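Biologist: I am new to this structure and would love a close look at a single part of it. Could you walk me through the nonpolar core and then show me what else is worth finding nearby in your notes?

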Amino acid sequence: MANKVTDLRSALELLKSMPGQLVETDVEVEPMAELSGVYRHVGAGGTVQRPTQEGPAMIFNNVKGHPDAKVLIGLLASRKRVGALLDCDPKRLGFLLKDSVTNPIPPVEIPREQAKCQEVVHLATDPDFDVRKLVPAPTNTEEDAGPYITLGMCYATSPETGTSDVTIHRMCLQSKDEISIFFQPGARHIGHFFELAEAKGEPLPISISIGVDPAIEIASCFEPPTTPLGYDELQAAGAIRQQPVELVKCLTINERAIANAEYVIEGEVLPGRRIQEDINSGTGKAMPEFPGYCGSANPALPVIKVKAVTTRKNPIMQTCIGPSEEHVSMAGIPTEASILTMVEKAMPGKLQNVYCASSGGGKYIAIMQFKKSMPSDEGRQRQAALLAFSAFAELKHVFLVDEDVDPFDIKDVMWAMTTRFQADKDIIMIPGVQCHPLDPSNNPKYHPDIRATGVACKAIFDCTVPYDQKDRFERAKFMDVDPKKWCTNWNF
């Protein structure tokens, strides 16, 4: 059934057939902080401030100030839900993504008359044009710099090579036709495209597609070295669906957009122009980021000059809470795929699975299930952890567990750390390496020995049993039976 998912609306139809996976409300909600405040309790999960839980996706049908809009939040805030939407066992999603990168299906362009995203057109030349009124972007908290687009698929093309790329960036609506965009240095291809264009004194055409097939959202979060410069992640999304992603030419810029998106913003990133991110709020903060803290407002960000907004009829705005389980799904599953790819090349068959845990926001923590099958495998588990750091530079901690430990069950992982780990023997520290700048402990203010923000210490926690002592650590064996015989009404 999930193989029928081709866009956001078909994804929602699938969820409606799954009990407990989607809720709707007609009660009016204020998009400024209140909407996210509600969903924090309903199903955000992740590193969001407690109380929170992992729950259903939610549609708000009555958004204050936007009478014709709906807002969807939390679509991917459950690994079980992601598995259903991608037609895959949730514990095998990393393998699905790994295979999608190596078996790409390039996107195709369709005629404009077939593009659902251009059913309704709003041009910036219209006297009443205001992107803030057309796009119901919420704020996560009362301290946010402004309304943020958190799930916009940015699509742009290199002015030198002609290769295109899709990524997700932090974008704040700043005025009726201007949006600030944050490019993390060295982390995203479109940031590089902008540097090339700006060096020539030229604007970079960019489309922002909101409300798309979940396969596109997941695939867009791949990073180098798994998807190097010049690799369009829409190819991986096509491989997941086994059919190409459909693109359409934009109306006002020389770029393409995702043809069945709910919203498309067309614009240009202006050369030589910067704006203070919190120019309208003055809070000094941007928005909540995946580690669970509010990011600092950037004093000078590039500006997108909006040329048009096109939509489907009765569009559905899609958003997420920054530190939620939704970010874990989007960032963590591609990271798992990257680690699986790197380790499998070096030591085939040893790495059984990887889980980039919620407590690390999908980026900071990887739990690696490693199988030692012969004496010479001893020590190779730590080599695998080093390869994981190579596959994903922003990774901070790796937990190594044996094949009898469920990496997706944090209680089981902590059990392994308690009974198969000695801190003075099994911690391997790697100081003075590039980590992630949004971790507040990776800062010279935390300790004077930290040279620069983001240059800190990685660590391996080896919770595996020494190969020659496996018999000492054998878990109690229970009879393997099918409980459905006794519990017919329980959903296993």
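Modeller: The largest nonpolar core has 56 residues, and those with the most contacts inside it are Leu12, Leu72, Leu75, Leu86, Leu97, Ile216 and Met330. A nonpolar core here is a set of buried Ala, Val, Leu, Ile, Met, Phe, Trp, Tyr and Cys residues joined through side-chain atoms within 4.5 Å. Buried means under 20% relative accessible area, exposed over 50%, and partly exposed in between, with a 1.4 Å probe and protein chains only. Helix α1 (residues 8-16) gives this core its largest share, five residues. Helices (H or I, at least four residues) and strands (E, at least two) are DSSP runs, numbered from the N terminus.

Please keep in mind that this is a predicted model: local features need pLDDT of at least 70, side-chain atom pairs count only at pLDDT 80 or more, and totals for chains, interfaces and linings use all residues. Residues are numbered from 1 along each chain as its sequence is written, and side-chain values use heavy atoms, with hydrogens and water left out.

Take Ile216 from the core: leaving aside neighbours within four places in sequence, Ile216 is in contact (heavy atoms within 4.5 Å) with Met153, Leu234, Ala237, Val245 and Ile258. Apart from the largest core lies another, of 40 residues, among them Phe183, Tyr263, Ile265 and Ile321.

Now to a sheet. Four strands form an open sheet in the order β1-β2-β3-β18, with mixed pairing; two strands pair if DSSP finds at least two bridges between them. At the edges are β1 (22-25) and β18 (316-319), each pairing on one side only. Strand β3 (residues 70-73) runs parallel to β18, and four bridges join them. Within this pair, Ile73 stands opposite Thr319 in β18.

Helix α10 (residues 380-391) is another good place to look. Its buried residues are Gln381, Ala384, Ala385, Leu387, Ala388, Phe389 and Ala391. Their cover includes α9 (325-346), β20 (365-370), β21 (397-401), β22 (427-434) and β23.

Gln381 also leads us to Thr464, which touches Lys372, Gln381, Leu400, Val401, Asp402 and Arg420, not counting residues up to four places away in sequence. Thr464 sits in the segment after β23 (455-462) and counts as buried because its relative accessibility is 6%. Its side chain makes a polar contact with the side chain of Lys372 at 3.0 Å, and another of 2.5 Å with that of Asp462. A polar contact is a pair of N or O atoms within 3.5 Å; within protein, one must be able to donate a hydrogen and the other to accept it, and residues adjacent in sequence count only if both atoms are side-chain atoms.
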